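Student: I'd like to learn how to read side-chain contacts in a model. Can we go through one together?
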Amino acid sequence: MSATTKSVSIPDNKLSLGQRFVKGRGISYIILALISVVWIFPFLWMVLGSLKTQREILAKPPKLLPEHATLANFTQWFTQLNFGSFFTNSLVVAVITVLGNIVFCSMVGYALAKMDFAGKNILFGVVMVTLMVPSVATFVPLFVIISNLHLSNTYAALILPFLCQPIGVFLMRQFIGGIPDALMEAARVDGAGELRIFFQIVLPQCGPALATLSILTFLSSWNNFLWPLVSAQSEEMYTLPVALSLYSTGQNATNYSVLLAGSVLVITPILLLFVFLQRYFIQGVAMTGIK
């Protein structure tokens, strides 16, 4: 008996569909790569520019890579421009502001999400309305209040107005609302009070939301320029964005090399924070419905 062999053939329609899929995926990767280059290029230019001299930055045509890389611009920030003091001010303000928002926004969010009291919906409506009010509209009244309290040029002036922000209250309220009520009811049956329920049951489950709130608050506080510029009236209280704006400008022209070096120093802590917390940040955004 002779054995006959048959070749297995793939239908043309399936093969062409697979080829179209691979081709479409390749085009998508190319488009995403081009978009990534567009987004990354300004940061690359900033980092490379911080290693150039003023003459190289102003040279025409401009060159991407420095001819003679130098750290003199960074050295100037540490030796001549009192970078340590500015960094400490920014760090103290940002860290305390983040901690305040974590505690107070979580408490308000918990009350709005899980507690019943008169005027609850009205209070939440007020929070939503304040989200739509631009910060510039409250700038002058806020400055008058701080001045009347004699808090100008202090850490209190830089921190107190931002200890509990509406976006944080909204974020925490949305996240805590998804925690099962049965957990809290069981704790109440066991005799736990509201504070114990909040700190021992609710907060430990809010990791993604707290990470998101921390990043958003730290970013807002670290990059805040206009309010520290007005409320900090001496060099000892300047934060990094204010120092970056004031000390990168010489008598006749802007020193772009020093400006770019300062920008690298300002943005580095934010990038590090996001790298370490990006998994929780993405999860928090997905679970709280922030767009």
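Student: Which residue forms a salt bridge with Asp181?

Tutor: Start with the general idea: side chains of opposite charge can pair when their charged atoms come close. Keep in mind that this is a predicted model. Here, Lys114 is the partner of Asp181, with the closest N and O atoms 2.6 Å apart. Asp181 lies in helix H9 (residues 181-189) and Lys114 in helix H4, so the salt bridge ties together parts that are 67 residues apart in sequence.

Student: Is Lys114 buried or exposed?

Tutor: Buried, because its relative accessibility is 15% and the cut-off for buried is under 20%. Asp181, at 45%, is partly exposed.

Student: How many salt bridges are there?

Tutor: The count comes to five. Take Arg188 next: its closest N and O atoms with Glu185 are 3.3 Å apart, and its salt bridge with Glu194 is 2.8 Å, N to O. Shared partners join Glu185, Arg188 and Glu194 into one network. Within that network, Arg188 and Glu185 both sit in helix H9, three residues apart, about one turn of the helix.

Student: On to cysteines. How many disulfides does the structure hold?

Tutor: A disulfide is a covalent bond between the sulfur atoms of two cysteines. The structure holds zero of them. Look at Cys164: the nearest cysteine sulfur belongs to Cys105 and is 3.9 Å away. The cut-off is 2.5 Å, so that pair doesn't qualify. Cys164 is partly exposed, with a relative accessible area of 38%, whereas Cys206 is buried at 0%.

Student: And the rings? Why is the pair of Tyr110 and Phe198 called tilted?

Tutor: With ring pairs, you read the distance between centres and the angle between planes. The structure holds nine aromatic pairs. For Tyr110 and Phe198 the centres are 5.6 Å apart and the planes are at 50 degrees, so the pair is tilted. This pair links helix H4 (residues 83-114) with helix H10 (residues 194-202), its members being 88 residues apart. Both rings belong to buried residues: Tyr110 at 4% and Phe198 at 3%.

Student: What about Phe139 and Trp227?

Tutor: That pair is edge-to-face, with 85 degrees between the planes and 5.5 Å centre to centre. Phe139 is in helix H6 and Trp227 in helix H12. There's also a cluster, in which ring pairs link Phe78, Phe83, Phe87, Phe218 and Trp222.

Student: Which charged end sits over the ring of Phe124?

Tutor: That of Arg173, 4.1 Å from the ring centre. Likewise, the charged end of Lys52 sits over the ring of Trp45, 4.5 Å from its centre.

Technical notes: Residues are numbered from 1 along each chain as its sequence is written. This is a predicted model: local features need pLDDT of at least 70, side-chain atom pairs count only at pLDDT 80 or more; totals for chains, interfaces and linings use all residues. Side-chain values use heavy atoms; hydrogens and water are left out. Rings of Phe, Tyr and Trp (its six-membered ring) pair if their centres lie within 6.5 Å; planes under 30 degrees apart count as stacked, over 60 as edge-to-face and the rest as tilted. Helices (H or I, at least four residues) and strands (E, at least two) are DSSP runs, numbered from the N terminus. Buried means under 20% relative accessible area, exposed over 50%, partly exposed in between (1.4 Å probe, protein chains only). A charge sits over a ring if NZ of Lys or CZ of Arg is within 6 Å of the ring centre and within 35 degrees of the ring normal. A salt bridge is a side-chain nitrogen of Lys or Arg within 4 Å of a carboxyl oxygen of Asp or Glu.
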